[in-house]
Amino acid sequence: AEAGDQAYPTQVAVGAVVLNRLRSPHFPHQLAAVITQPRQFSVVAAGTFATVRPTARALNAARAALTGVNPAPGTLYFYNPALPHVPWMNTLAGCRTLGALRFCAGVR
């Protein structure tokens, strides 16, 4: 839902960010808690997450992330720099761009 309009590698990377957060001591250790954590994912904040139907490509991207594919290893955050976002995201370190999204490892 969060990266439905992005290319397949970007969708896989978004899934990998969720999985990276599961392993991080700075985030919850349950999948539902990571996804629904307040102010983390725009589709959850907008209330549309529960109504989005995943495409076959999105499901394949999720499966790939679950098997360890990670086009943006070590990243815990992502955002679209062309869209409004909270200013602290501009201070994130270890960033790389994949598609329209910027993937980052953490705070400087």
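Is V86 buried, partly exposed or exposed, and what is its relative accessible area? In this predicted model, V86 is partly exposed, because its relative accessible area of 40% lies between the cut-off of 20% for buried residues and that of 50% for exposed ones. The place of V86 is in the loop between strand β1 (77-79) and strand β2 (92-93). Together with W88 and V107, V86 forms a nonpolar patch on the surface, and the accessible area of the three residues taken together is about 290 Å².

**The chain as a whole**

The chain contains four helices and five strands, and their order is simple to describe: starting from the N terminus, the elements run α-α-α-α-β-β-β-β-β. For a chain of 108 residues, a compact globule would have a radius of gyration near 13 Å, and the chain agrees with this expectation because its own radius is 13 Å. When the extent is taken along the principal axes, the C-alpha atoms fill a box of roughly 35 × 30 × 30 Å.

How much of the chain counts as buried? Of the 108 residues, 32% do. The accessible surface of the chain comes to about 6400 Å², and carbon and sulfur atoms account for 61% of that surface. Among the contacts in the chain with a separation of 6 or more, 55% are made by residues that stand 24 or more positions apart.

**Helix α4 and its two sides**

Helix α4 spans residues 56-66, and its buried residues are A61, A64 and A65. These buried residues lie on the same side of α4, because they cover an arc of only 100 degrees around the axis. The other side of the helix offers a contrast, for there A56 and L66 are exposed.

Against which element do the buried residues of α4 pack? They pack against helix α1, which covers residues 8-23. After α4 comes G68, a residue with a positive phi near 105 degrees.

**A buried position in helix α1**

V17 lies in helix α1, and at 0% relative accessibility V17 counts as buried. Leaving aside residues up to four places away in sequence, V17 touches T75, L76, Y77, F78 and F103. V17 and C104 are 87 residues apart in sequence, and their C-alpha atoms are 9.3 Å apart in space.

**The loop after α2, and helix α3**

R39 has its place in the loop between α2 (31-36) and α3 (42-45). R39 is exposed, because its relative accessible area of 78% is over the cut-off of 50%. The phi of R39 is near 60 degrees, which is a positive value in a residue other than glycine.

V43 lies in helix α3, and V43 is buried, with a relative accessible area of 13%. Which residues does V43 touch, not counting those up to four places away in sequence? They are A1, E2, T48 and F49.

**Two residues of strand β2**

Strand β2 holds both L92 and A93, and each of these can be read against the cut-offs already given. L92 is buried, because a relative accessible area of 2% is under 20%, whereas A93 is partly exposed at 24%.

**Separation in sequence and in space**

Several of the residues described above also appear in pairs for which the separation along the chain and the C-alpha to C-alpha distance are both known, and the table sets these values side by side.

| Pair | Apart in sequence | C-alpha to C-alpha distance |
|---|---|---|
| V17 and C104 | 87 residues | 9.3 Å |
| A93 and F49 | 44 residues | 28 Å |
| V43 and A3 | 40 residues | 9.6 Å |
| L92 and C104 | twelve residues | 6.1 Å |

Reading along the rows, A93 and F49 are 44 residues apart in sequence and 28 Å apart in space, while the C-alpha atoms of V43 and A3, which are 40 residues apart along the chain, are separated by 9.6 Å. C104 appears in two of the rows, once with V17 at 9.3 Å and once with L92 at 6.1 Å.

Technical notes:
Residues are numbered from 1 along each chain as its sequence is written. This is a predicted model: local features need pLDDT of at least 70, side-chain atom pairs count only at pLDDT 80 or more; totals for chains, interfaces and linings use all residues. Side-chain values use heavy atoms; hydrogens and water are left out. Buried means under 20% relative accessible area, exposed over 50%, partly exposed in between (1.4 Å probe, protein chains only). The arc is that of the directions from the helix axis to the C-beta atoms. Contact means heavy atoms within 4.5 Å. The radius of gyration is taken over C-alpha atoms; the globule rule is 2.2 Å times the number of residues to the power 0.38. Accessible areas come from the Shrake-Rupley method with a 1.4 Å probe; for residues, only the protein chains shown count as cover. Patches are made of residues with over 30% relative accessible area and no salt bridge: like charges are joined within 9 Å, nonpolar side chains (Val, Leu, Ile, Met, Phe, Trp, Tyr) within 5 Å. A salt bridge is a side-chain nitrogen of Lys or Arg within 4 Å of a carboxyl oxygen of Asp or Glu.
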